[in-house]
Amino acid sequence: MSADSKADDRTLVRRHLRLDHMNQLQIEKLAEVFDAEPGVAKVVVRKHWLDIDYDAAQLTLDRVIALLEAYGGELSADWWTAFKAHWYRKREEKLRARLAREEDEHER
């Protein structure tokens, strides 16, 4: 994780995503990019997998996917990966909504 960002344990999420169409050079570059991304606590990129822990208050799955695609990769098109990605997005939405409610209550 970059030195200027700290992951909050309450919002730390772990994602295990299957990848398609990545060569070793793309994998190495992608790992460097994720290492510098704010909110990333841990990232492991292998030929067919991305394991990433990040602060969902700072980073979103959609941003992770956009970075992945910018470096020539993509999420696997299998139904299980699509199902997990949808579920991850919903969990992140609920988490950010809860954080917003907590912030509103704290400000009062």
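Helices here are DSSP runs of H or I with at least four residues, numbered from the N terminus. The model is predicted.

**Exercise 1. Place Lys-84 and decide whether it is buried or exposed.**

Step 1. Find the element: Lys-84 sits in helix α3.
Step 2. Recall the cut-off: buried means under 20% relative accessible area.
Step 3. Apply it. Lys-84 has 13% relative accessibility, so it counts as buried.
Step 4. Look for a distant part of the chain. The C-alpha atoms of Lys-84 and Leu-17 are 8.1 Å apart, with their positions 67 residues apart along the chain.

**Exercise 2. Work out the strand order of the sheet and say which strands stand at the edges.**

Step 1. Read the order: β2-β3-β1-β4, an open sheet of 4 strands with antiparallel pairing.
Step 2. Take the ends. β2 (40-45) and β4 (74-75) each have a single partner strand, so one side of each has no neighbour in the sheet.
Step 3. Check one pair. β2 and β3 (residues 49-55) are joined in the antiparallel sense over 5 bridges. Lys-42 has Asp-53 in β3 as its bridge partner.
Step 4. Add the helices. Helix α1 (residues 24-36) packs on the sheet and touches β2 and β3, its direction making about 175° with that of β2. Helix α3 lies across β1 (12-20), β3 and β4, at about 155° to β1.

**Exercise 3. Trace what the salt bridge between Arg-10 and Glu-102 ties together.**

Step 1. Get the distance: the closest N and O atoms of Arg-10 and Glu-102 are 2.8 Å apart.
Step 2. Place the partners. Arg-10 is in the segment before β1 and Glu-102 is in helix α3, so the bridge ties together parts 92 residues apart in sequence.
Step 3. Check the surroundings. Arg-10 is partly exposed at 47%, and Glu-102 is partly exposed at 31%.
Step 4. Set the pair in context. The structure holds 9 salt bridges. One of them joins Glu-92 to Arg-96, with closest N and O atoms 3.7 Å apart. Both lie in helix α3, 4 residues apart, about one turn of the helix.
Step 5. Extend the group: salt bridges with shared partners join Arg-10, Arg-98 and Glu-102 into one network.

**Exercise 4. Say which residues make the nonpolar surface patch, and follow one of them.**

Step 1. Name the members: Trp-79, Trp-80, Phe-83 and Trp-87 make a patch of about 550 Å².
Step 2. Follow Trp-79. It is found in helix α3 (residues 79-107).
Step 3. Judge its exposure: Trp-79 counts as exposed, at 65% relative accessibility.

Note on methods. Residues numbered from 1 in each chain as written. Predicted model: local features only at pLDDT ≥ 70, side-chain atom pairs only at ≥ 80, totals over all residues. Heavy atoms only, no water. Patch = residues over 30% accessible without salt bridge, like charges linked within 9 Å, V, L, I, M, F, W, Y side chains within 5 Å. Areas by Shrake-Rupley, 256 points an atom, 1.4 Å probe, with all protein chains shown as cover. Salt bridge = Lys/Arg side-chain N within 4 Å of Asp/Glu carboxyl O. Helix = DSSP H or I, 4+ residues; strand = E, 2+ residues; numbered from the N terminus. Buried < 20%, exposed > 50% of the residue type's maximum accessible area, 1.4 Å probe, protein only. Pairing = 2+ DSSP bridges. Contact = heavy atoms within 4.5 Å. Axes fitted to C-alpha atoms, helices over the stretch in contact; angles between N-to-C directions.
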